[in-house]
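Visitor: I should like to learn how to read the features of a protein model, one residue or element at a time. May we begin with burial?

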Amino acid sequence: MKFQEEPSAILARLQELRDADAPTHGGHVLSYVYDSGLAALDELAAAAIRMVQPVNGLDPTTFTSVATMEREVLGFARRILHGGDGAPGEEVVGTVTSGGTESCLLAVKTARDNWRVANPGGSVPRLLAPVTAHAAFQKAAHYFGLELDLVPVDASGTVTASALIDRMADDVALVVVSAPSYPFAALDPISEVAAAAAERSIACHVDACIGGWVLPWLDTAPWDFGVRGVTSVSADLHKFGYAPKGASVLLQRGRDRQRTQYFATTRWSGYPVVNPTMLGSKSAGALAASWAIIHALGEEGYAELAAACERATVALLTVIAGIEGLRVVGAPIGPLFAVATDDSVPEDRRVDPHHWADQVRTRGFLLQLQPAFTQSDGTRLPSTTHLTITPVTESVLDELTFAMQVSADEVRGLAPVSVSDVLAGVPAEIAGALQAMGADPSGAGALDSETAAALLAGFGLGSDRDGPAELPERMAPILALVGALPARLTERLLTELLARLVEP
């Protein structure tokens, strides 16, 4: 058979596309990617993926390797998360999923279905969580028809146990706590919340998607299945498990409880469908890579990588402490933290975290900007820049430290971008439309695509008729809009932007 294009040309084109990506290795991207710094581990994962490339993970009775690998991955996860050998009805069992979002969705779906069994004819169940709980839980509440009850956190990004406990009631199907929360790396008061939830027969999920494969080897307060009342834990293999995207585990306490997670039907004319996850047919690649990496590293290897993360994190926290005008938010645990402006110094000595991140980027390091956020009680969480630290960060500490310090010096005293600053640079009709929507955001979600695209174009975003979208070099102005404009409006505009990035 003659190919339409030569494989070598196709791969050359793919290499060109990859060359335009942010670097996935080497420690220059401090979000999204988790680099162990071990090339042999990447090679092992790639070889494992290639071996199972044609396998369909849908049916472990046909492809028995899938069942074996999943069983061994879950056994390792259960051991490091203190699942142990539970008493009858308390056994910790689980599933390998396609990522943290799927793990969180399934945890919520399971809790909802079990709540419905216990509350036949009940009202709409409630999902209770701190405002810092991952957005995946907002997606789950939206998908599965739960009322979302988000509890404000304090200035350090931490929720108090009483703030959650006081809102527990019979209509709560699930309370979510994080180990740690992504935005500020705060460890929620898991022991107190889980104990209170158990007393009220409320399920308690610990979202350890980012911490689950690194916190077991760090010194923290108890947070996993060793805590009474914890009914489920999510932990992402493709984060500090160092597996390729996408792989996560969802562990649940109690076989009967976990079986509610499944979807099963024989009520159609085809083969029986029994799925523990949202997906049916699925690649076994990420599972095989995770399985291989776990066998290669073992607990000792993970402990060594966790220690490297901790050393680099301590070093960078010290660097931030020495930069006038910046501060670390709260008391972060694990290898991640958020940086905000230090308002205790004079204005001309302050450093805006978004200007700082944009400036650091000019020196080859990508930090993640987080917008300011107004909570339901009216308090406002600050604009921050988020850093996720991986083992390879140790190898670039000197270069990263220099970039952070010099960049801070270059933007010190520069005022944060305001919405008025951004609007000053756009056509008057665009600015007027945005201001009108800000005054009455009820119709923002109903914006048609062309109007949304026109608004984006006013900011130099989105696609034109002659080519694909181009993103700005500096993100501070965009984050200023996200933090200041009504959520419904920014959500609609960002939807349009992302949709047009991939339109043919």
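Guide: Let us begin with a single side chain. This is a predicted model, and Thr-401 in it has a relative accessible area of 17%. Buried means under 20% relative accessible area, so Thr-401 counts as buried.

Visitor: Where does Thr-401 lie, and with which residues is it in contact beyond its neighbours within four places in sequence?

Guide: Thr-401 belongs to helix H11, which covers residues 397–411. Once neighbours within four places in sequence are left aside, the contacts of Thr-401 are Leu-316 and Val-319.

Visitor: How should I read the burial of a whole strand? Let us take strand E15.

Guide: One examines each residue and then the direction in which it points. Strand E15 spans residues 384–388, and 5 of its 5 residues are buried. Thr-384, His-386 and Thr-388 point one way from E15, while Thr-385 and Leu-387 point the other way. Residues on both sides are buried.

Visitor: Which strands are joined to E15 by bridges, and how do they run?

Guide: Strand E11, residues 336–341, is joined to E15 by 4 bridges, and the two run antiparallel. Within this pairing, Phe-337 has Leu-387 of E15 as its bridge partner. Strand E12, residues 368–370, is joined to E15 by 3 bridges and also runs antiparallel to it. Here the bridge partner of Leu-369 is Thr-385 of E15.

Visitor: Let us turn to loops. Is Thr-160 buried, exposed or partly exposed?

Guide: Thr-160 has a relative accessible area of 41%. Partly exposed covers the range between under 20% and over 50%, so Thr-160 is partly exposed. Its place is in the loop between strand E3 (147–151) and helix H6 (161–165). Distance in sequence and distance in space are separate quantities to read: Thr-160 and Asp-188 are 28 residues apart in sequence and 7.8 Å apart in space, C-alpha to C-alpha.

Visitor: What can be said of Pro-152, which lies in the loop between E3 and H6?

Guide: Pro-152 is buried, with a relative accessible area of 16%. Apart from neighbours within four places in sequence, Pro-152 is in contact with Val-131, Val-159, Arg-167, Gln-375, Ser-376 and Asp-377. As for separation, Pro-152 and Gln-261 are 109 residues apart in sequence and 29 Å apart in space, C-alpha to C-alpha.

Visitor: How should I read the backbone angles?

Guide: The general idea is that most residues other than glycine have a negative phi, and most peptide bonds are trans. One then looks for departures from this pattern. Tyr-32 is not a glycine, yet has a positive phi of about 75°. Tyr-242, also not a glycine, has a positive phi of about 65°.

Visitor: Where are these two tyrosines, and is each buried or exposed?

Guide: Tyr-32 is in the loop between helix H1 (7–19) and helix H2 (39–51). With 58% relative accessibility, Tyr-32 counts as exposed. Tyr-242 is in the loop between E6 and E7, and at 7% relative accessibility it counts as buried.

Visitor: Which peptide bonds are cis?

Guide: Two examples may be given. The bond from Ala-179 to Pro-180 is cis, with omega near -10°. Pro-180 is in the loop between strand E4 (172–178) and helix H7 (190–199). A cis peptide bond also joins Lys-245 and Gly-246, with omega about -10°. Gly-246 has its place in the loop between strand E6 (232–236) and strand E7 (248–253).

Visitor: How many helices and strands are there, and how compact is the chain?

Guide: The chain contains 16 helices and 15 strands. Its radius of gyration is 24 Å, close to the 23 Å that the globule rule gives for 504 residues, so the chain is as compact as a globular protein of that length. The C-alpha atoms fill a box of roughly 65 × 65 × 50 Å along the principal axes.

Visitor: What remains to be read for the chain as a whole?

Guide: Burial, contacts, surface and charge remain. Buried residues make up 50% of the 504 residues. Of the contacts between residues at least 6 apart in sequence, 72% join residues at least 24 apart. The chain exposes about 23400 Å², and carbon and sulfur atoms supply 55% of that area. There are 36 positive and 59 negative side chains, and the centres of the two sets lie 6 Å apart.

How values were computed: Residues are numbered from 1 along each chain as its sequence is written. This is a predicted model: local features need pLDDT of at least 70, side-chain atom pairs count only at pLDDT 80 or more; totals for chains, interfaces and linings use all residues. Side-chain values use heavy atoms; hydrogens and water are left out. The radius of gyration is taken over C-alpha atoms; the globule rule is 2.2 Å times the number of residues to the power 0.38. Buried means under 20% relative accessible area, exposed over 50%, partly exposed in between (1.4 Å probe, protein chains only). Contact means heavy atoms within 4.5 Å. Accessible areas come from the Shrake-Rupley method with a 1.4 Å probe; for residues, only the protein chains shown count as cover. Lys and Arg count as positive and Asp and Glu as negative; His and the chain ends are not counted. The place of a charge is taken as NZ of Lys, CZ of Arg, CG of Asp or CD of Glu. Two strands pair if DSSP finds at least two bridges between them.
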